[in-house]
Amino acid sequence: MKLRTAVAEDIPLLKAWDENSHVRDASGEDSDYDWDEEIPRIAEWGELLMAEDDGRAIGFMEIIDPALEPTGYWGDVGEGLRAVDIWIGEEKHLGQGFGTQMMRLALERCFADPNVKAVIIDPLERNTRARRFYERLGFKFVEYRTFEKELCAIYRLERADYLSLAEAG
Ligand SMILES: CC(C)(COP(=O)(O)OP(=O)(O)OC[C@H]1O[C@@H](n2cnc3c(N)ncnc32)[C@H](O)[C@@H]1OP(=O)(O)O)[C@@H](O)C(=O)NCCC(=O)NCCS
């Protein structure tokens, strides 16, 4: 499994994945990505990544600095954080460990920056399977927050917890 920057050639696949029900169900209302606009941009504040297993694209990840992201989606969360979004493109690839591998690579990438204190995520409150997935990776529930009319469960993985979990294997 590896993560690489998403490029224009990935746009048709990303659009096709958006139509899949497990991807739609996990997205909040009005939260569609405008891929034609998003993919070509080079931003200081975030990365759009494709996850590839053995050369085939399996999933997508976004890693942002929530304090710098220009829409202010996360509000006043302070510095030293990264926010992550993740999905597997095809339903047949769910539940096979790909998401865990992707998240481990993303966390490694986030915490490689010594200024990063914690990683935050915001699954929909009703997305119980994703919440369990994050909890298994060591994320701790913080609070419920409504983003773009959708109730989300905010989770946070602190650097110290990440390091002790990584050490324990
Ligand atoms: C959440 C997700 C990225 C996890 O990746 P994955 O490769 O399926 O997960 P893994 O195989 O590494 O780990 C298995 C766990 O993933 C979660 N999972 C499995 N299938 C899932 C599905 N259809 N929908 C949501 N989560 C699922 C469960 O917690 C599962 O554990 P369980 O067997 O106890 O239910 C992936 O399931 C997914 O893309 N789901 C839909 C989109 C989504 O919910 N994204 C998160 C938005 S915040």
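This report describes a predicted model, beginning with its sheet and then turning to a helix, a pocket and several individual residues.

## The sheet

Seven strands form an open sheet in the order β1-β2-β3-β4-β5-β7-β6, and the pairing within this sheet is mixed. The edge positions are taken by β1, residues 2-5, and by β6, residues 140-147; each of these has a single partner strand, so one side of each is left without a neighbour in the sheet. Averaged over neighbouring strands and with direction ignored, the turn of one strand against the next is 30°.

Strands of a sheet pair through backbone hydrogen bonds, and the pairing may be parallel or antiparallel. In this model, β5 (residues 118-121) and β7 (residues 150-158) run antiparallel and are joined by four bridges, with Ile121 having Tyr155 as its bridge partner in β7. The pairing of β6 with β7 is likewise described as antiparallel and extends over seven bridges; Glu143 has Ile154 as its bridge partner in β7.

## The β6-β7 hairpin and two positive phi values

The hairpin of β6 and β7 has two residues between its strands, and within this hairpin Glu148 takes a positive phi near 45°. Glu148, which is not a glycine despite this positive phi, belongs to the loop between β6 and β7. Its relative accessible area of 41% places Glu148 in the partly exposed class, because that class covers the range between the 20% limit for buried residues and the 50% limit for exposed ones.

Asp54 provides another case of a residue other than glycine with a positive phi, in this instance near 55°. The loop that holds Asp54 lies between β2 (46-53) and β3, and Asp54 is exposed, with a relative accessible area of 77%.

## Helix α6 and the second largest pocket

Helix α6, formed by residues 159-168, lies across β5, β6 and β7, and it runs at about 65° to β7.

The second largest pocket contains about 320 Å³ of space. Its lining is made up of Thr100, Arg104, Leu107, Glu108, Phe133, Arg136, Leu137, Leu157, Tyr162, Leu165, Ala166 and Gly169. Two or more residues of this lining come from each of α4 (98-111), α5 (128-136) and α6, and α4 gives the most, with four residues. By residue class, the lining of the second largest pocket comprises seven nonpolar, two polar and three charged residues.

## Buried residues in the helices

Ala106 is placed in helix α4, where its relative accessibility of 0% makes it count as buried. Leaving out residues up to four places away in sequence, Ala106 touches Leu3, Met61 and Ile63. The C-alpha atoms of Ala106 and Asp85 are separated by 10.0 Å, although these residues stand 21 residues apart along the chain.

Ile11 lies in helix α1, which covers residues 11-18, and with 9% relative accessibility Ile11 also counts as buried. When residues up to four places away in sequence are not counted, Ile11 touches Trp35, Asp36 and Ile39. Between Ile11 and Glu38, which are 27 residues apart along the chain, the C-alpha separation is 9.7 Å.

## Buried residues in a strand and a loop

Ile64 is found in strand β3, residues 56-64, and its relative accessibility is 8%, so Ile64 counts as buried. Apart from neighbours within four places in sequence, the residues in contact with Ile64 are Trp45, Gly46, Glu69, Trp74, Leu81, Arg82 and Ala83. Ile64 and Val119 are separated by 55 residues in sequence, while their C-alpha atoms are 9.7 Å apart in space.

His93 occupies the loop between β4 (81-88) and α4, and this loop residue is buried, its relative accessible area being 10%. With neighbours within four places in sequence left aside, His93 is in contact with Arg56, Ile58, Ile88 and Phe98.

Methods: Residues are numbered from 1 along each chain as its sequence is written. This is a predicted model: local features need pLDDT of at least 70, side-chain atom pairs count only at pLDDT 80 or more; totals for chains, interfaces and linings use all residues. Side-chain values use heavy atoms; hydrogens and water are left out. Two strands pair if DSSP finds at least two bridges between them. Axes are lines fitted to C-alpha atoms, for helices over the stretch in contact, and angles run from 0 to 180 degrees between N-to-C directions. Contact means heavy atoms within 4.5 Å. On a 1 Å grid over the protein atoms alone, a cavity is a set of points where a 1.4 Å probe fits but cannot get out, and a pocket is an open set with protein on both sides within 12 Å along at least five of seven lines; lining residues have an atom within 4 Å of a point. Grid points are joined across faces, edges and corners, and a volume is the space filled by probe spheres set on the points. Ala, Val, Leu, Ile, Met, Phe, Trp, Tyr, Cys and Pro count as nonpolar, Asp, Glu, Lys and Arg as charged, and the others, Gly among them, as polar. Buried means under 20% relative accessible area, exposed over 50%, partly exposed in between (1.4 Å probe, protein chains only).
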